[in-house]
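Me: Could you take a close look at one part of this model for me, the place where the two chains meet? I would like a connected account, with the surroundings included where they help.

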2 protein chains.
Amino acid sequence: MTQEVGRRTGRRPGSSGAREQILAAAKRSFAETGYERTTIRGVARAAGVDPALVHHYFGTKRQLFVDAMELPANPAELIEGLVATGDPEDLGERMIRFMLKVWDDEENRAPLVAIVRTAMSDDHAAIMVREFAKTEILGQIVKAARGDNQELRVTLLASQVFGLLIMRYIIKFEPLASADAETVARAIGPTFQRYLTGPLEVAE
Amino acid sequence: MTQEVGRRTGRRPGSSGAREQILAAAKRSFAETGYERTTIRGVARAAGVDPALVHHYFGTKRQLFVDAMELPANPAELIEGLVATGDPEDLGERMIRFMLKVWDDEENRAPLVAIVRTAMSDDHAAIMVREFAKTEILGQIVKAARGDNQELRVTLLASQVFGLLIMRYIIKFEPLASADAETVARAIGPTFQRYLTGPLEVAE
């Protein structure tokens with residue numbers, strides 16, 4: 001889309017093309033350096049615009065983050081499609097295959113990587129991440145699996161989902177980082193399944 | 001033991017200063033070049049002391065890392081005790097119980113939390129963390145479990161270890177954050193065990 005914008009003729013300087021460029025630069029900056037170290041000034045420089053223009057469009061760095069994080073599709077809707085079809089007993093495997101399909105595309109995962117990095121250094125972002133994950137994504141999947149202790153299952157699932165995300169895509173721990181999706185799906189799928197529907201002993 | 005060395009009397013002037021200088025140089029070196037490429041000799045040179053003095057104070061690179069990062073105890077030695085006793089088939093459960101015992105004490109986990117947070121926003125720190133985890137800790141446990149594909153097992157284990165660390169202690173995702181150790185051990189232990197000794201299908 002940015003390319004199309006770039007090809008447009010006759011647009012005024014600083015119009016919607018600049019907004020797209022700022023969002024793209026912000027996305028990169030949040031993904032690469034995290035929330036704290038991203039600055040309006042730095043994003044403006046990367047986008048080749050005046051910092052005042054970034055302030056004009058987005059006001060604050062927080063708002064810039066919110067707009068830059070706009071995902072290519074509504075993940076909650078995609079997840080609903082995932083859980084609506086098929087057996088709860090296969091859900092773990094379908095879930096890991098779906099996640100890998102989305103995340104193995106670097107452009108798709110960039111916003112998520114940025115959000116997770118931010119959550120590690122910013123308590124507000126951490127709250128945002130866990131609430132979004134709980135309400136919109138993992139909570140929906142756990143509900144569909146119909147196990148007991150659903151709240152605990154959501155958080156166990158989150159520990160492996162985020163652990164994988166971090167090791168494969170952020171810390172890039174080899175050979176997990178370069179392992180083909182099939183190998184990873186076979187290794188992690190049963191863990192997801194156990195957290196979804198397996199026995200869970202909650203101590204008194 | 002290190003404290004005893006510090007308490008010795010009759011030592012030459014400047015020796016405790018030298019110890020501090022060695023620790024500062026080690027901290028920089030681990031952060032900038034990672035665990036593998038840091039050497040006792042390189043740290044000694046950067047601190048302006050003889051390598052023999054570094055050996056005298058710290059013995060091994062592992063101990064130098066533990067002291068420079070202000071870890072409360074030498075995890076590798078504790079891990080060796082863990083794997084030396086008992087059956088590989090119980091290793092996952094012993095591992096999670098041991099981890100929870102250490103990490104549920106806030107003072108114990110503080111340095112580790114700091115290192116992990118840093119690794120999320122700093123590539124050099126990320127390299128340092130994964131190299132230390134691989135060489136000195138998880139690699140040792142996986143080796144003791146004697147499964148196939150040990151390199152991949154180390155990274156799968158890392159994904160759940162760090163996922164738990166982050167969700168329970170950093171992002172504090174409830175109810176996992178407040179769940180009693182027994183519940184967590186029963187939930188996560190089988191995952192560790194599967195990554196240590198369970199079947200692992202590596203795609204062609």
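Reply: Happy to; here is a walk through the contact between the chains, followed by the core and the loops.

First, some ground rules. This is a predicted model, in which local features need pLDDT of at least 70 and side-chain atom pairs count only at pLDDT 80 or more, while totals for chains, interfaces and linings use all residues. Residues are numbered from 1 along each chain as its sequence is written, and chains are lettered from A and ligands numbered from 1 in the order in which they are written.

As for confidence, the model scores ipTM 0.80 and pTM 0.77. Chain A has a mean pLDDT of 82, with 82% of its residues at 70 or more; pLDDT is the predictor's confidence in each residue, from 0 to 100. Over residues 1-14 of chain A the pLDDT is below 50, and this stretch has 10 contacts in the model beyond near neighbours in sequence. Where pLDDT is low, the predicted coordinates should not be read in detail.

Now to the meeting of the chains. Chain A puts 39 residues into the contact and chain B puts in 37 residues, two residues being in contact if their C-beta atoms, placed from the backbone, lie within 7 Å. On the chain A side, helices H8 (106-121), H9 (123-145), H10 (150-170) and H11 (181-197) each supply at least two residues. Helices here are DSSP runs of H or I with at least four residues, numbered from the N terminus. H10(A) gives the most to that side, with 13 residues. By type, the side of chain A that touches chain B divides into 22 nonpolar, 8 polar and 9 charged residues. In this count Ala, Val, Leu, Ile, Met, Phe, Trp, Tyr, Cys and Pro are nonpolar, Asp, Glu, Lys and Arg are charged, and the others, Gly among them, are polar.

A:Ala158 shows the contact at the level of one residue. Leaving aside neighbours within four places in sequence, A:Ala158 is in contact with A:Ala133 and A:Leu138, and also with B:Met167 and B:Phe173. A:Ala158 is also among the residues with the most contacts inside the largest nonpolar core, along with A:Ile22, A:Val116, A:Leu157, B:Leu157 and B:Ala158. That core has 112 residues; a nonpolar core is a set of buried Ala, Val, Leu, Ile, Met, Phe, Trp, Tyr and Cys residues joined through C-beta atoms within 7 Å. Buried means that 20 or more other C-beta atoms lie within 10 Å of a residue's own, exposed means 12 or fewer, and partly exposed is in between, with C-beta atoms placed from the backbone.

H8(A) deserves a look too. Among its buried residues are A:Leu112, A:Ile115, A:Val116, A:Arg117 and A:Met120. The 16 residues of H8(A) should span 22 Å at 1.5 Å a residue, and the end C-alpha atoms are 22 Å apart, which agrees; the expected span is 1.5 Å times one less than the number of residues.

Finally, the loops around H10. A:Asn149, in the loop between H9 and H10 of chain A, has a positive phi of about 45° although it is not a glycine. A:Asn149 counts as partly exposed because it has 16 C-beta neighbours inside 10 Å. A:Lys172 sits in the loop between H10 and H11 of chain A, with a positive phi near 55°. The loop between H10 and H11 of chain A also holds A:Pro175, which a cis peptide bond joins to A:Glu174, with omega about 5°. In chain B, a cis peptide bond joins B:Glu174 and B:Pro175, again with omega about 5°.
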